[in-house]
Amino acid sequence: MRFLIVEDDKDLNRQIKQALEDSRYVVDAAFDGEEGHFLGSTESYDAIVLDLGLPLIDGISVLESWRRENIKIPVLILTARDRWNDKVTGFDAGADDYLSKPFHMGELLARLRALIRRAAGHASSEISCGPILLDTKTSRIYVNDVQIKMTSLEFRLLSYMLHQQGRVISRTELVEHLYDQDFDRDSNTIEVFVGRIRKKLGVNILQTIRGLGYQLIEEGA
Ligand code: CA
């Protein structure tokens with residue numbers, strides 16, 4: 001799972017980035033509306049945190065142009081306290097959720113988890129496929145109720161596939177959702193990680209679809 005934060009307050013931007021990284025997400029940061037708009041239009045994110053008061057282009061205009069460009073990524077806007085009309089304008093511009101400053105980081109994380117879950121069609125905070133269960137609250141993976149230890153990258157890959165289960169996911173799509181923009185991406189390494197995940201899971205559930213990518217398929221399904 002990969003997030004974009006567009007927030008000109010450097011301290012707040014850094015705090016949000018750190019909290020998301022601690023939850024094993026990968027994060028890109030932008031500090032003005034122009035850079036934020038560009039990244040949101042050109043990169044693949046699972047959700048975006050967008051401040052409304054931004055230099056160069058304001059947040060509402062950024063959001064409106066994303067939606068005009070048919071970019072459907074879930075967006076949570078950050079509004080100033082007591083500016084109720086900002087919330088209305090934000091929702092009308094295409095926002096999916098909001099938080100008023102100041103906020104608790106735990107609430108931001110919970111709202112983002114709910115956004116990416118709902119965008120992928122899951123109502124519950126636990127997402128399962130056969131014997132595999134992802135607890136999105138704790139970022140833990142279980143196989144038949146036994147917790148499986150994973151590196152951050154393995155976790156991101158499996159978590160993304162669990163959210164998107166049923167679909168065939170290409171290596172390119174995986175790379176786009178697993179690494180930040182500065183990472184030297186090589187889609188060949190994905191196969192290595194998939195191999196390691198299969199070994200750790202010990203169940204035959206992560207299938208290679210030749211020439212297309214990967215798919216989570218329940219055994220016997
Ligand atoms: Ca601001």
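In this predicted model, the largest pocket sits between two domains, because domain 1 (2-119) and domain 2 (126-216) both give residues to its lining. The volume of this pocket comes to about 180 Å³. Its lining is made of 14 residues, and those nearest the centre are Tyr45, Asp46, Pro74, Ala119 and Gln164. Helix H5 (105-119), helix H6 (152-163) and helix H7 (171-178) are the elements that supply two or more lining residues each. Sorted by class, the lining of the largest pocket splits into 7 nonpolar, 3 polar and 4 charged residues.

Helix H7 is worth a second look. Its buried residues are Glu173, Leu174, Val175, His177 and Leu178. As for what they touch, the buried residues of H7 pack against strand S1 (2-6), strand S2 (26-30), H6, helix H8 (188-201) and strand S11 (213-216). There is a handy rule for reading a list of helix positions like this: an α-helix has 3.6 residues a turn, so residues three or four places apart point the same way.

Next comes the enclosed space. The structure holds 1 cavity of 30 Å³ or more, and the volume of the largest cavity is about 50 Å³. Around the largest cavity sit Met1, Ser23, Tyr25, Ile116, Leu134, Thr136, Ser139, Phe155, Ser159 and His163. H6 is the top contributor to this lining, giving 3 residues. The lining of the largest cavity has 5 nonpolar and 5 polar residues, with no charged ones. Both domains take part here too: domain 1 (2-119) and domain 2 (126-216) each provide at least three residues to the lining of the largest cavity.

Then there is the metal. Which residues coordinate the calcium ion? Asp8 and Asp51 each do this through OD, and Gly53 does it through O, at 2.2 to 2.3 Å. Along the chain, the donors of the calcium ion follow the spacing D-x42-D-x1-G. Asp8 belongs to the loop between S1 and helix H1 (10-22), while Gly53 belongs to the loop between strand S3 (47-51) and helix H3 (59-68), so this pair ties together parts that are 45 residues apart in sequence.

Are these two residues buried or exposed? The answer falls in between: Asp8 has a relative accessibility of 31%, so it counts as partly exposed. Gly53 has a relative accessible area of 47%, which means that Gly53 is partly exposed as well.

Note on methods: Residues are numbered from 1 along each chain as its sequence is written. This is a predicted model: local features need pLDDT of at least 70, side-chain atom pairs count only at pLDDT 80 or more; totals for chains, interfaces and linings use all residues. Side-chain values use heavy atoms; hydrogens and water are left out. On a 1 Å grid over the protein atoms alone, a cavity is a set of points where a 1.4 Å probe fits but cannot get out, and a pocket is an open set with protein on both sides within 12 Å along at least five of seven lines; lining residues have an atom within 4 Å of a point. Grid points are joined across faces, edges and corners, and a volume is the space filled by probe spheres set on the points. Helices (H or I, at least four residues) and strands (E, at least two) are DSSP runs, numbered from the N terminus. Ala, Val, Leu, Ile, Met, Phe, Trp, Tyr, Cys and Pro count as nonpolar, Asp, Glu, Lys and Arg as charged, and the others, Gly among them, as polar. Domain bounds come from an automatic or database domain assignment. Buried means under 20% relative accessible area, exposed over 50%, partly exposed in between (1.4 Å probe, protein chains only). Contact means heavy atoms within 4.5 Å. Donors are N, O and S atoms within 2.8 Å of the metal (3.2 Å for Na, K and Ca); water is not among the atoms, so sites may look incomplete.
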